[in-house]
Each structure stands twice: as structure tokens, then as C-alpha cells.
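Please report on this protein–DNA model. Cover the DNA contacts, the relation between the two copies, the core and a few single residues.

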2 protein chains.
Amino acid sequence: MNSAPDSSIETILERMRAGGGRITKKRIRIVQVLMQFEHPASADEIRQKAELPETDLVTVYRNLEALQGIGVIQRIPLENGTQLFELTAPGEHYHHLICRECHQAERLDLCIGKEVLGRAKAHGYSQITHVMEVYGVCKDCDSDS
Amino acid sequence: MNSAPDSSIETILERMRAGGGRITKKRIRIVQVLMQFEHPASADEIRQKAELPETDLVTVYRNLEALQGIGVIQRIPLENGTQLFELTAPGEHYHHLICRECHQAERLDLCIGKEVLGRAKAHGYSQITHVMEVYGVCKDCDSDS
DNA sequence: TTAACTAATGAAAGTAGATTGCATTAGAGG
DNA sequence: CCTCTAATGCAATCTACTTTCATTAGTTAA
């Protein structure tokens, strides 16, 4: 059993290696940081948490792109045009409830993938993906104001 | 009958006036352009179509913000961080099927507002909104490649 | 009409997030 | 250990959008 790929750090790094990628200290650290985060995080948050004396933002972005390429992270485009990144189980993807004030994001157990896929195909589209994010003001931020 | 606010240009301009806004030529033209567009459009597309010898992009952005303020347009955040704008019937909002190649967007008759609202409230959130967009490659672009 | 008030506009500069070019560094295979 | 080239860091660039401020032009009242 367990024939599905898992998302342990070894598996992820092995997948990068298989694609011709190298296993560098920064890369390992960035994957570790992604695994530690409970919430989707921005490239800069990831860079700060990595604290390998210093990692350039550009390196974070390039690694995030590589990780997206092998399908282990997803990008979450926000209302304001920025993006967050989150490790996902293979073949999965998540939606979020995001506070408009403090930008905390929690995972929402809700997906409309099937309906969406059917509709999109009916319109003649291929390679379908979808983005869905819910915005609001969380309890804490609401009581502050 | 017809007690709901309509979205004719006169009504929209009247609503702006009511909020202390002025009715300028550029503003009228921008609203007209929005009404002509069948697809959600970028600020720059709107500016180009306005062709009042020249309208500064900044003016387009400011008007779009004002229009959003009175609830007659919605912003559509894209995967790549940019945004499109679309006139919406009062109290309505739409989702789209967007081609990743040519960026054409068509309206999708599908909304998950109710489920989303329930979930978000259960998490203690208020002032809930949601974003949902579906991406794919349209027939035309698919055959090109 | 005209005068006066102030919202709207445009030009230019600024900002934030993300990307690109290029020289340097450092994994990985032989 | 040597070589090859992917990965990195720095600086410059880009894009979409925002801010500042002087000027223009709706609007209201005289």
C-alpha cells in the first residue's frame, strides 16, 4: 500500500534530483521552512524564517518555482496582487479563508473542482485549474476596531 | 416593480453625484466603455478603448476605484497578480473562465457564495467576500500550439 | 454670468513584488 | 580531484499600481 507519493522531505528532494536539480543547503532549508509553516506564507516570510545567515529573495522565488514545477507547492494569488505559497499533498490543493486585516490564512475544507471542471470542458477549455479564496475579517481583528 | 437600483449610465452617474462626485467627460466615457465591454477588462484596455484623445491611466484607476466604491464594478484578481474590472448588476457578482494564453475571460454561471458564507461565519469571520476564477486554455489557443 | 470652491485630472516620481542578466559559487558525476 | 553546469547573489529591470502636487474644470451660490 501507500503507492501514492508521500510528501516527506526526502521524497521532495529526490523528485528534484530526478528532474536534474541539485540538493543545496538553501533548497533543503526552504523546503523545511515550508513544511514547518502551518499557514500559507509569502516569499519574504519564507526567506526570514529560513535564516541561513542570509538567503536572497531571488533564491526563494526560484526555489518556489522549482517546487511548484514538481507539484509540491501551490501558489495562492491574493486580492491585492501578491501571492502566498503552501506545501500541498500530492494531487491535492486547498482553499483558504484569509483575514483582510492581519492576512492570516486558514485552510478551508471546501472544493468545487468537479463542477468547475465540467463547466470549463463544456466551454472547450483544456488544462483547467481554479483559484478560490474567501476573504473576511477574523474575530481578533474585528474586535480591535 | 423595478424597485431594485438599475445599472443604466444615468443611475450610475447619479449615484456618484449623490456621494459628492462630479460628472466629468472622462468619467462618463469610462463608464460607457465599461458598459460596452463584454469581457472583464484591464485598466489599460479601458484606457485604450476610451480614446478621448488621451486619458491618463491614473484617471482610469481612480475612476475604477470610485465605481467600486458605489458597488457597480467588481475587481477580478488574476493568477499573475494583475486585475480585471467588470460592471456588475447591483448585488450581483460573477465568476469567469479565463484563457491562460490570450487572457480572454468569459462569464461562468456558477457561484458558491452560500456554502462559502456559511463556512466563513462558522470560523468567526465577518464581511465575507470570495474570489473564484477558473483558468484553462481555450480552443483557439489550444489549436495554435 | 460670473466668482469661488474644490473635486478631478495629468505628469512625474515613487513603491512593492517579482523577474532577469551575469559573474561567482558550489553540488554531483567521472 | 577535476570538470561541468545548476544554483546563488547582486544589481538592474519590469510591471502594475499609487502618491504627490500643480493645474484644470465641474458645481454651487451670488
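Which backbone atom of A:Ile23 lies near a phosphate oxygen of DNA strand C, and at what distance in Å? A backbone N or O atom of A:Ile23 is 2.8 Å from that phosphate oxygen. The model is a predicted one.

**DNA strand C**

DNA strand C is surrounded by 21 residues. The closest are A:Tyr61, A:Gln83, B:Lys26, B:Thr59 and B:Arg62. Of the strand C atoms that come within 4 Å of the protein, 57% belong to sugar and phosphate.

Phosphate oxygens of strand C have further polar partners. A polar backbone atom of A:Gln83 lies 3.1 Å from one. A polar side-chain atom of B:Asn63 lies 3.0 Å from a phosphate oxygen of the strand. Three elements give two or more residues each to the surface near strand C: α4 of chain A, and α2 (25–36) and α4 of chain B. The largest share, four residues, comes from α4(B). By class, this surface holds 10 charged, seven polar and four nonpolar residues.

**DNA strand D**

For DNA strand D, 20 residues surround the strand. A:Lys26, A:Thr59, B:Ile23, B:Tyr61 and B:Gln83 are the closest. Sugar and phosphate make up 56% of the strand D atoms that come within 4 Å of the protein.

Where does the side chain of B:Arg22 meet strand D? An N or O atom of that side chain is 2.9 Å from a base nitrogen. A:Thr59 and B:Ile23 meet phosphate oxygens instead. The side chain of A:Thr59 places an N or O atom 2.5 Å from a phosphate oxygen. With B:Ile23, a backbone N or O atom is 2.7 Å from a phosphate oxygen. Two or more residues each come to the surface near strand D from α2 (25–36) and α4 (57–69) of chain A and from α4 (57–69) of chain B. The largest share, four residues, is from α4(A). The surface near strand D divides into 10 charged, six polar and four nonpolar residues.

The polar contacts to both strands are set out here.

| Protein residue and atom | DNA atom | Distance |
|---|---|---|
| A:Ile23, backbone N or O | strand C, phosphate oxygen | 2.8 Å |
| A:Gln83, polar backbone atom | strand C, phosphate oxygen | 3.1 Å |
| B:Asn63, polar side-chain atom | strand C, phosphate oxygen | 3.0 Å |
| A:Thr59, side-chain N or O | strand D, phosphate oxygen | 2.5 Å |
| B:Ile23, backbone N or O | strand D, phosphate oxygen | 2.7 Å |
| B:Arg22, side-chain N or O | strand D, base nitrogen | 2.9 Å |

**The two copies**

How is chain B superposed on chain A? A rotation of 180° does so, with 0.0 Å of shift along its axis and an RMSD of 0.1 Å. The two copies are therefore related as by a two-fold rotation axis. Both use the same surface: 100% of the contact residues of chain B recur in chain A.

**The core**

The largest nonpolar core has 28 residues. Those with the most contacts inside it are A:Val116, A:Tyr125, A:Val134, B:Tyr125, B:Met132 and B:Val134. In both chain A and chain B, β3 (95–99), α5 (113–122) and β5 (126–137) each supply at least two residues of this core.

B:Tyr125 has contacts in chain A. Setting aside neighbours within four places in sequence, its partners include A:Leu97, A:Ile98, A:Cys99 and A:Val137. B:Ala120 is also in contact with B:Tyr125.

**Three single residues**

Is B:His95 buried or exposed? B:His95 counts as buried because its relative accessibility is 2%. This residue lies in strand β3 of chain B. A polar atom of the B:His95 side chain is 3.0 Å from the backbone oxygen of B:Met132. Beyond four places in sequence, B:His95 is in contact with residues including B:Glu106, B:Leu108, B:His130 and B:Met132.

B:Asp109 sits in the loop between β4 (105–108) and α5 of chain B. With 67% relative accessibility, B:Asp109 counts as exposed. B:His96 is 13 residues away in sequence, and the C-alpha atoms of the pair are 8.3 Å apart.

A:Glu45 belongs to helix α3 (residues 43–50) of chain A. Its relative accessible area is 39%, so A:Glu45 is partly exposed. A polar atom of the A:Glu45 side chain lies 2.7 Å from the backbone nitrogen of A:Ser42. Not counting residues up to four places away in sequence, A:Glu45 touches A:Phe37 and A:Pro40.

How values were computed:
Residues numbered from 1 in each chain as written. Chains lettered and ligands numbered in written order. Predicted model: local features only at pLDDT ≥ 70, side-chain atom pairs only at ≥ 80, totals over all residues. Heavy atoms only, no water. Near = heavy atom within 4 Å. Polar contact = N/O pair within 3.5 Å; in protein donor to acceptor, adjacent residues only side chain to side chain. Nonpolar A, V, L, I, M, F, W, Y, C, P; charged D, E, K, R; others polar. Least-squares fit on C-alpha atoms with pLDDT ≥ 70 in both. Contact = heavy atoms within 4.5 Å. Core = buried A, V, L, I, M, F, W, Y, C linked by side-chain atoms within 4.5 Å. Buried < 20%, exposed > 50% of the residue type's maximum accessible area, 1.4 Å probe, protein only.
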